[in-house]
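Please read the sequence alongside the model below. The paragraphs that follow start from one residue and move outward to the rings.

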Amino acid sequence: MAVIAILVSALVLLSPAAAELQRVQHSPKEDGSLTVLAVGDWGRGGQFNQTLVAEQMGVIGEKLAADFVISTGDNFYNDGLAGDNDTAFFMASFTDIYTASSIQKPWYIVLGNHDYTGDALAQQSPAIREVDSRWTSVNKSFIVEADIVDFFLVDTSPFVLKYWNESKFDWRNVAPRDTYIATLLQDLDDALAASNATWKVVVGHHPVSSGCEHGNTTELREHLLPLLKAHGVDMYLNGHDHCLQRITSIDSPVEFVTSGGGSKAWAGKFKATSDKMEFLYDGQGFLSMELTAAEARLAFYDVSGAVLHSWGLTKSAPASIIS
């Protein structure tokens, strides 16, 4: 049944207002710092090096004293969970894979397009959380408040028009599309405007800017990117493209970071993007983020735990590559 008990540092606060994103509060360390791991596109029962990536997440999680993990979506392949009783597959792709003690911490979840082709409501079900109490998906979009940083988890699949022409997508509680998107964007706009956190990170499944196989998501550039720029968002973090990449905007401070190397990768297909490509690795791995009130230090790791690329951000100076 449930994995070993977790000291719960995350308190779910359900918003009393329908027009407000739900929030989760997660306390940083005593010194005010926070360490986060991020991985996406992973749930394949351990196949395609998922297990190797998980092992290294455990190693780095222990070394850096990770506080929690963010999943950038496509959590279960090929078609999400069949329902909230699909516990065997859930455990085979999550509980039985991410076993290191250092990552027995809350996992904050967004959905990917593959999660939407199964039961798209299952991953928010209390029945799934009862199987593994790390699993924290209080809604399809919600906010993780961690003092120095706010993470805004955004449900991006409904933005993508082509999905609405495919009958296999589960649009319960989403359709009609225009209303859902308009409400979500307004809620996000309000939440970003109200945030007093030092760092603002928006997390979605689909990339805004990407040089990997899927490339830019046109609908997100049209609807979401203006909010990122208007509110001084520091980073947009995504999966969907099965690669690791860092891109800087050509006309704003926002960085576009892809961590979608949790399992199957090596597509060998690339796209052009008008933003500046800083780093791209067409393979498997994950991201670490070490945050303080003054600095953010980020790094990509491969399946052997090697650092592929690392960089730093401050509030008073431009980003600089540090190793």
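A residue counts as buried when its relative accessible area is under 20%. The model shown here is a predicted one. In this model Y77 has a relative accessible area of 9%, so Y77 is buried. Along the chain, Y77 belongs to the loop between β4 (68–71) and α2.

What does Y77 touch, not counting residues up to four places away in sequence? Its contacts are D41, W42, G43, R44, F89, H114 and H242. With R44, there is also a particular arrangement: the charged end of R44 sits over the ring of Y77, 3.6 Å from the ring centre. R44 lies over the face of F48 as well, at 5.4 Å from the centre of that ring.

Y77 also appears in a database record. In an unreviewed entry, UniProt places the feature "binding site" at D41, D74, Y77 and H242. These positions are spread over 202 residues of sequence, yet they cluster in space, with a largest C-alpha distance of 13.1 Å.

H242, another of the annotated positions, is found in the loop between β10 (235–238) and β11 (244–248). The side chains of H242 and D41 are joined by a polar contact of 3.3 Å. Neighbours within four places in sequence aside, H242 is in contact with D41, R44, Y77, G260, K264, A265, W266, D282 and G283.

The aromatic rings can be followed next. The structure holds 24 aromatic pairs. One of them is formed by F94 and W107, which meet edge-to-face at 4.9 Å centre to centre, with 85° between the planes. This pair links distant parts of the chain: F94 is in helix α2 (residues 87–95) and W107 is in strand β5 (residues 107–109), 13 residues apart. Are F94 and W107 buried or exposed? F94 has 0% relative accessibility and therefore counts as buried. W107 is also at 0% relative accessibility, so W107 counts as buried.

W266, named above among the contacts of H242, pairs with Y281 in an edge-to-face arrangement, 5.3 Å centre to centre and with 80° between the planes. Here too the pair links distant parts of the chain, 15 residues apart: W266 is in the loop between β12 (255–259) and β13 (276–281), while Y281 is in strand β13.

Ring pairs also build a cluster, made up of W42, F76, F89, F90, F94, Y98, W107 and W135. Among these, W42 and F89 have already appeared as contacts of Y77.

Key. Residues numbered from 1 in each chain as written. Predicted model: local features only at pLDDT ≥ 70, side-chain atom pairs only at ≥ 80, totals over all residues. Heavy atoms only, no water. Phe/Tyr/Trp six-rings, centres within 6.5 Å; stacked < 30°, edge-to-face > 60°. Helix = DSSP H or I, 4+ residues; strand = E, 2+ residues; numbered from the N terminus. Buried < 20%, exposed > 50% of the residue type's maximum accessible area, 1.4 Å probe, protein only. Lys NZ or Arg CZ within 6 Å of the ring centre and 35° of its normal. UniProt positions renumbered as here; feature names shortened; annotations may be inferred. Contact = heavy atoms within 4.5 Å. Polar contact = N/O pair within 3.5 Å; in protein donor to acceptor, adjacent residues only side chain to side chain.
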